[in-house]
Structure formats: structure tokens, C-alpha cells
Amino acid sequence: MMDPCAHCEEMMQPYLDHVLTDEEMVEAEAHLAECEKCRRRYRFEESLRVYVRKAADEQMSDELRVKLASLRIPLE
Ligand SMILES: [Zn+2]
């Protein structure tokens, strides 16, 4: 049996991209509803995306670039 949190983590990026099937979407949401850890991770990933999108709109400063690099989150 697969670790549900690992499975949820795998679905996190496609979930945020809205490219999951309805079935996977329900699965991910069900897990997020019951798992505090994944919920926190989801909120972090979500806010990071908003932050990155905003930063891309403005001119990205060197300081911000360094900050993002230090987060070591794979960005697509
Ligand atoms: Zn979990």
C-alpha cells in the first residue's frame, strides 16, 4: 500500500495546475481534508505560486531570486 501522504504530494503540483482527473481531484481533496500535514504543504505551495506569479509580473530583483533559490522548491 502506498503512503497516502507521498501519493498526495505527487498529486500536489498537477492539482495546483488543475490537470488532475475528477477522480484524482476527489482523492486529493479527501486526503487534504483529513491530513493536517498535507493541508499545510498545500497552502504553502499555493501561496508560493501566487508569490511567484506576482514576482514574475514585476521585475524580479536579485534579492528575490536568491530568496526563491534558497527555498529549493522545484518550480515549473
Ligand atoms: Zn497527508
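Author: Axes are lines fitted to C-alpha atoms (for helices, over the stretch in contact), and angles run from 0 to 180 degrees between N-to-C directions. The model you're looking at is predicted: local features need pLDDT of at least 70, side-chain atom pairs count only at pLDDT 80 or more, and totals for chains, interfaces and linings use all residues. Residues are numbered from 1 along each chain as its sequence is written.

Reader: OK, how many helices and strands are there in the protein chain?
Author: Helices (H or I, at least four residues) and strands (E, at least two) are DSSP runs, numbered from the N terminus. Read from that end, the elements go α-α-α-α. The tally is four helices and zero strands.

Reader: What percentage of the protein chain is made up of buried residues?
Author: Let's sort out the word first: a residue is buried if 20 or more other C-beta atoms (placed from the backbone) lie within 10 Å of its own, exposed if 12 or fewer, and partly exposed in between. The protein chain has 76 residues, and the buried ones come to 8%.

Reader: Which helices each supply at least two residues of the largest nonpolar core?
Author: A nonpolar core is a set of buried Ala, Val, Leu, Ile, Met, Phe, Trp, Tyr and Cys residues joined through C-beta atoms within 7 Å. The largest one here has six members: C8, Y15, A28, L32, C38 and Y42. At least two of them come from each of α1 (4-16), α2 (22-34) and α3 (36-57).

Reader: What is L32 in contact with, apart from its neighbours within four places in sequence?
Author: Two residues are in contact if their C-beta atoms lie within 7 Å. L32 belongs to the core we just met. Its partners are C38, R39 and Y42.

Reader: How do α1 and α3 lie relative to each other?
Author: Their axes come within 11 Å and cross at roughly 25°. Angles under 35 degrees count as roughly parallel, over 145 as roughly antiparallel, 65 to 115 as roughly perpendicular and the rest as oblique. That's why α1 and α3 are roughly parallel.

Reader: How do the residues of the contact of α1 with α3 divide into nonpolar, polar and charged?
Author: Ala, Val, Leu, Ile, Met, Phe, Trp, Tyr, Cys and Pro count as nonpolar, Asp, Glu, Lys and Arg as charged, and the others, Gly among them, as polar. The crossing of α1 and α3 is right-handed (the near helix is turned clockwise from the far one by less than a right angle; anticlockwise would be left-handed). On the α1 side you'll find C5, C8, M12 and L16, facing K37, C38, R41, Y42, E45, E46 and R49 of α3. Sorted out, they're six nonpolar, no polar and five charged.

Reader: And how do the residues of the contact of α1 with α2 divide?
Author: These two helices pack at about 120° with their axes 10 Å apart, which makes α1 oblique to α2. Their crossing is left-handed. P4, C8, M11 and Y15 of α1 meet E24, A28 and H31 of α2. The split is five nonpolar, one polar and one charged.

Reader: Which residues does H31 touch, not counting those up to four places away in sequence?
Author: H31 sits in helix α2 and is partly exposed, because it has 18 other C-beta atoms within 10 Å. The C-alpha atoms of H31 and P4 are separated by 7.7 Å, though the two residues are 27 apart along the chain. H31 touches P4, C8 and C38.

Reader: How far apart in space are E24 and M11, C-alpha to C-alpha?
Author: E24 is in helix α2 and has 15 other C-beta atoms within 10 Å, so it's partly exposed. E24 and M11 are 13 residues apart in sequence, and their distance in space is 7.9 Å.

Reader: What value is phi of H18 near?
Author: You'll find H18 in the loop between α1 and α2. It's exposed, because just 7 other C-beta atoms lie within 10 Å. Most residues other than glycine have a negative phi. In H18, phi is positive, near 60°.

Reader: What separates the C-alpha atoms of Y51 and L68?
Author: Y51 is part of helix α3, and with 14 other C-beta atoms within 10 Å it is partly exposed. Y51 and L68 are 17 residues apart along the chain, and their C-alpha separation is 9.9 Å.
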